[in-house]
Amino acid sequence: MRPPNIFTNIVAVSALASIFSSSLTYTVAFTTTSSSSARITQIVTSNIQLHSAIEGDISTQADPASPSLSLLEKFITQYQQSLEEGNKWANEFGFAEEGEDAPEGAFYAIFRAIRQVDAETNNADGIINGDKLLGLSGTPFYVPGYVLAKAESKHKNAFCDFFHFHHLAKALEEDFLDAQRGSTDNRKGWQVAAVSQPTGSSFNDARMTLPQVKSALEVGTVIFNNIGAHIPRLAGPTLASTDALSLPGALNMYVTAKGMRTSAPPHTDRQDVLVVQVEGAKRWRVFTPPTDGGVKPNADPFARGKGEDSLPLHTLLEGIEGRLGSELLMDVVTREGDVLFIPAGFPHTTDTVEESSDVNYDTSIHLTFNIDTHVWDLDYLGSRSAALRRNKVKDVLTPQSDNRYIGKVNQLPQNIRSQLVDALPLEFLDVVPSDSPSFMNGVAQQLATRCNLVDEATGSSAKLSEASFVEALERIHSYGSAILDIHRDMYLAAVEEGRLRIAEAAMTAHLKPNDDGEVTMTPERMRRLSLFRVRPFFEQIDSVKKDFNSWCLSGDGISQESSSSAQLDPNWQFTSPLKVGDEVEADLGGAFFAGKIAQVTGSTYNVVFFDGDRENGLERDQIKLLNPPTADDDEFDTTGMTPKEIKRMRKKMEKKKGK
């Protein structure tokens, strides 16, 4: 159960609405449940004095490390103090002239603030000063745009007017983009389908068009994944988040029409996310992480409510005593310039049904910046797994699949599981291991402590020396740094492409445009489209991942391959038969993404990815099997069978074995 003061940091900034305006109308503009309204009212009343201090003086002289400051106060203070550093960063990368401000500098500052706040509660020494920010024990928070504007000493903050629908329309015209449309049933898992509908065999016929996007908006949210690598205008903020956090990150964009009752069904994410509302408005309901792990151990806590898993809204609303054991923490509306932080594993759902008819906007657009620690093994669970595999020590938590976040790890006591999946300190990739032995030893001790907790809880003994943990962490540092560098290069390439397009537009401004007004796609410009520009970077990422996995399996303690593995085809990853449930990586345009086989239909396969995305009709050579197949007398042909049919068949086989 979460500590009682959780609401202080989550909803407390709602008090600012009663101070800066006459009522809470600005903050809570959508219909809320009576229990939620009562909770917000209670918290606002109890924190008026606290936030009056913020309004009176957001001072650069305040000490953000002071234990008397709330997490939210620390964040706002750190944001203000990081603005100068952010503007210097923006100047260095040419986003603004020296002495001028740039939105990219503000994006840098907001992520620098997150890093500084995290440093107080997630450090190498294990000393916790205040509420944790990231992960399953983290703290969601919401900051209205005018509070950030006050910190910037401006009328509107830097995020207002940064990106609107007309910017998206221009990007669709200039580039070859891809997007998915999300499902809207809040009783089922979030599913997505492609927006683009090729109308012919030519290049232009295959491009996603603005009318297709508008058509998709009529029935669901349009999702642009990793859009910071594709749209130059969004590459700057994505690069800013990457540099400020010293962490490989990504940016997704979500576009929803006004009046959508469910724009995203309840789900959890693998990433800690920072949401910036850049157009329109969106209602968010955020809940505590489900506590039904013991009942559903094979449900990934960072991918609940996606694909075949479901987190029905009505079960979340049952409260702490309900089936999921979740509690509503936040019911808030984000408007242009507002910021919302949601830790990994916290269920949330959105809609755009306005209570007030005088709110004027057509589309809601928000940017979701992903803090990708769990994606890149930069957490204690990933570090533990690397150390054990390197030293050929059996892992009692090893799941049946390649996904470490399902299986026995979810049957651990909640406090141990939360500590185990904690992210490594965000400053981890910023240090030089050879120059920072005390830091690395501190993180190694934190890792050893967590491993000991697992041993005590499971009755196992996977004792490793501190040197083994340090070795694993040093290799993870090298691996993470390589991934970070590739991401930076990818975003820098997008930034440079944007500047080149501006220069080309200036040089050709005197020329008569096409009859249809579209951008002329010369062969040279086609080669620079994001479709082709991004692919080599993902190929590099895939290579780095392979090298890291090989290192984990090549330690002195690694035994020889089993006879069954030794007889495998050297290219078994692309040739071995696949069955429903197999953990795989699927090739989508030159980049491999982790997923699971959902259905086998003849010689083609349907794959569901960890984020709920789905790709049907893939050929065998587009899919890489992650784990070597093993002989199993209980296996059977799953071709053409759905997951439910396979489950029924397995039950029948178990009954036969029991007779």
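A crossing of two helices is called right-handed if the near helix is turned clockwise from the far one by less than a right angle, and left-handed if the turn is anticlockwise. In this predicted model, helix α13 passes helix α16 in a right-handed crossing. The chain holds 22 helices and 17 strands, and this briefing treats its overall make-up, one helix pair, one sheet and one covered helix.

**Chain as a whole**
- The chain has 659 residues, of which 56% count as buried.
- Its accessible surface amounts to about 28,300 Å², and carbon and sulfur atoms account for 50% of that area.
- Where contacts join residues at least 6 apart in sequence, 77% of them link residues at least 24 apart.

**The α13–α16 pair**
- Helix α13 spans residues 380-390 and helix α16 spans residues 466-507; the two pack at an angle of about 115°, and their axes lie 9 Å apart.
- On the α13 side, the contact is formed by Gly-382, Ser-383, Ala-386, Ala-387 and Arg-390.
- On the α16 side, the contributing residues are Ser-468, Phe-469, Glu-471, Ala-472, Leu-473 and Ile-476.
- By residue class, this contact between α13 and α16 comprises six nonpolar, three polar and two charged residues.

**The four-stranded sheet**
- An open sheet is built from four strands in the order β6-β11-β8-β9, with antiparallel pairing.
- Strands β6 (264-267) and β9 (328-335) are the edge strands; each has a single partner strand, so one side of each lacks a neighbour in the sheet.
- On average, neighbouring strands of this sheet are turned by 15° against each other, with direction ignored.
- In general, the strands of a sheet pair through backbone hydrogen bonds, in either a parallel or an antiparallel manner.
- The pairing of β8 (residues 281-287) with β9 is antiparallel and extends over seven bridges.
- Within this pairing, Ala-281 has Arg-335 of β9 as its bridge partner.

**Helix α7 and the residue after it**
- Helix α7 covers residues 145-152 and is mostly covered, with six of its eight residues buried.
- Buried here stands for a relative accessible area under 20%; the residues of α7 that meet this criterion are Gly-145, Val-147, Leu-148, Ala-149, Ala-151 and Glu-152.
- Ser-153, just after α7, adopts a positive phi of about 60°.

Methods:
Residues are numbered from 1 along each chain as its sequence is written. This is a predicted model: local features need pLDDT of at least 70, side-chain atom pairs count only at pLDDT 80 or more; totals for chains, interfaces and linings use all residues. Side-chain values use heavy atoms; hydrogens and water are left out. Two strands pair if DSSP finds at least two bridges between them. Axes are lines fitted to C-alpha atoms, for helices over the stretch in contact, and angles run from 0 to 180 degrees between N-to-C directions. Buried means under 20% relative accessible area, exposed over 50%, partly exposed in between (1.4 Å probe, protein chains only). Contact means heavy atoms within 4.5 Å. Accessible areas come from the Shrake-Rupley method with a 1.4 Å probe; for residues, only the protein chains shown count as cover. Ala, Val, Leu, Ile, Met, Phe, Trp, Tyr, Cys and Pro count as nonpolar, Asp, Glu, Lys and Arg as charged, and the others, Gly among them, as polar.
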